[in-house]
Amino acid sequence: MKKQIDLTALFNLYKQHIVWILIVSILTGVGGYVYSKMFVDPLYTSTAKMYIIAQYDEEGRTSTSILTSSRRLLDTYKAILLQGDDFLRELGESLPQKMTTSQLRNCISLSSVQDTEIMQISVTTVDKNLSYEICKKFSDAAPGVLQDVAEAGHVKLFSQPTKPLSRSYPDNVGFAITGIAAGFAVYCICLFVFYVFDNSIKSADDVKERLGMPVLGEVPSFDKRPKSNKKVSSSTTTKKESEE
């Protein structure tokens, strides 16, 4: 027979363990913060922004109509810059710390800013100086490469790359919040599993529900004596001692 879930009993179970739930959540949150602070390698991101300028013909029509949209043009630029082995190879060889084309592809990303004609260059490495150096060389060389290869539209750098002052990853607070949520969820799930698979008899209602048998009587618990009896006995003892 499957056990029916009593929401009131389950709530009372959580209520009884609320202190431990809070303790476990806090400990896992602290653990997440310490882990991100001491054991996760920090990453630094340098960014720059370029604006895609469409070309105009003699009648004032934009040449982007060939590519149907500026978004399509941006995707074309991304493919040219990141898939061109020659460009990335020259870029890697010009760096103080030589890098291969695959290493550069892993640390460089190009994206559209809010689905506009602005292209953002993001370079992420474990070294803030290296991130800045790659972003600067990439943004300086990209306009010439695009002009030579695409021959459709121009790009203009309007946001120069800056050296990152703080790390972009990991977020210590984010790790802490994740740890708190994970500890809270795991403890609550464990309590729920314990409740579902707990087959112990705790009341007469459990006997009726699980065994389908009538309860003839219950044996009361005599573990705790009424406080009034203790007071009476103590006062009686005191009275006897005074009489003596």
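This is a walk through a predicted model of a single chain, from its overall layout to a few individual residues.

Let us begin with the layout. The chain contains 9 helices and 4 strands. Read from the N terminus, these elements follow the order α-α-β-α-α-α-β-β-α-β-α-α-α. Among contacts with a separation of 6 or more, 73% link residues that are 24 or more positions apart. As for burial, 26% of the 244 residues count as buried.

A good place to go next is the largest nonpolar core, which has 28 residues. Leu-81, Leu-104, Ile-108, Ile-134 and Phe-138 are the members that touch the most others. At least two residues of this core come from each of strand S1 (44-53), helix H3 (70-83), helix H4 (85-94), helix H5 (101-107), strand S2 (108-112), strand S3 (118-125) and helix H6 (128-149). Another core, of 7 residues, lies apart from it and includes Leu-13, Ile-21, Tyr-187 and Tyr-195.

Leu-104 is a handy spot from which to look around the largest core. Beyond its neighbours up to four places away in sequence, Leu-104 touches Leu-88, Leu-91, Gly-92, Leu-95, Met-99 and Ile-134. Several of these names return in H4, where Phe-87, Leu-88, Leu-91 and Gly-92 are buried. These four cover an arc of only 130° around the axis, so they sit on the same side of H4. The face turned away from that buried side carries Asp-86, Glu-90 and Glu-93, which are exposed. The general rule behind such patterns is that an α-helix has 3.6 residues a turn, so residues three or four places apart point the same way.

Now follow H6, which also contributes to the largest core. With 22 residues, H6 reaches 31 Å from its first C-alpha to its last, close to the 32 Å expected at 1.5 Å a residue. At the start of the helix, a side-chain oxygen of Asp-127 comes to within 3.0 Å of the backbone nitrogen of Asn-129. Further along, H6 has a kink of about 35° at Ala-142, shortly before the proline Pro-143. Ala-142 is also one of the buried residues of H6, together with Leu-130, Ser-131, Ile-134, Cys-135, Phe-138, Ser-139 and Leu-146.

Helix H2 (residues 18-38) makes a useful second example. Its 21 residues should span 30 Å at 1.5 Å a residue, and its end C-alpha atoms are indeed 30 Å apart. The buried residues here are Ile-21, Ser-25, Gly-29, Gly-32 and Ser-36. Viewed down the axis of H2, they fall within an arc of 65°, so they line one face of the helix. That face packs against helix H1 (7-16) and helix H7 (172-197). On the other side of H2, the exposed residues are Val-19, Trp-20, Ile-26, Leu-27 and Met-38.

Ser-36 deserves a closer look. This H2 residue is buried, with a relative accessible area of 0%. Its side chain makes a polar contact of 2.9 Å with the side chain of Asn-172. Setting aside neighbours within four places in sequence, Ser-36 is in contact with Arg-167, Pro-170, Asn-172 and Phe-175.

Pro-170 leads us to the loop between strand S4 (154-159) and H7. The peptide bond joining Tyr-169 to Pro-170 is cis, with omega near 0°. For context, most peptide bonds are trans. Both Tyr-169 and Pro-170 touch Pro-42, as do Thr-125, Val-126 and Arg-167. Pro-42 itself lies in the loop between H2 and S1. Its relative accessible area is 26%, so Pro-42 counts as partly exposed. Although Pro-42 and Lys-128 are 86 residues apart along the chain, their C-alpha atoms are separated by 9.7 Å.

Our last stop is Ser-122 in strand S3. At 10% relative accessibility, Ser-122 counts as buried, because the cut-off lies at 20%. Its side chain joins that of Gln-120 in a polar contact of 3.2 Å. Leaving out neighbours within four places in sequence, Ser-122 is in contact with Thr-45, Ser-46, Thr-47, Cys-107, Ile-108 and Ser-109. Among these, Ile-108 brings us back to the largest nonpolar core, where it is one of the residues touching the most other members.

Key
Residues are numbered from 1 along each chain as its sequence is written. This is a predicted model: local features need pLDDT of at least 70, side-chain atom pairs count only at pLDDT 80 or more; totals for chains, interfaces and linings use all residues. Side-chain values use heavy atoms; hydrogens and water are left out. A nonpolar core is a set of buried Ala, Val, Leu, Ile, Met, Phe, Trp, Tyr and Cys residues joined through side-chain atoms within 4.5 Å. Buried means under 20% relative accessible area, exposed over 50%, partly exposed in between (1.4 Å probe, protein chains only). Contact means heavy atoms within 4.5 Å. The expected span of a helix is 1.5 Å times one less than its number of residues. The bend at a residue is the angle between axes fitted to the seven residues ending there and the seven starting there. A polar contact is a pair of N or O atoms within 3.5 Å; within protein, one must be able to donate a hydrogen and the other to accept it, and residues adjacent in sequence count only if both atoms are side-chain atoms. The arc is that of the directions from the helix axis to the C-beta atoms.
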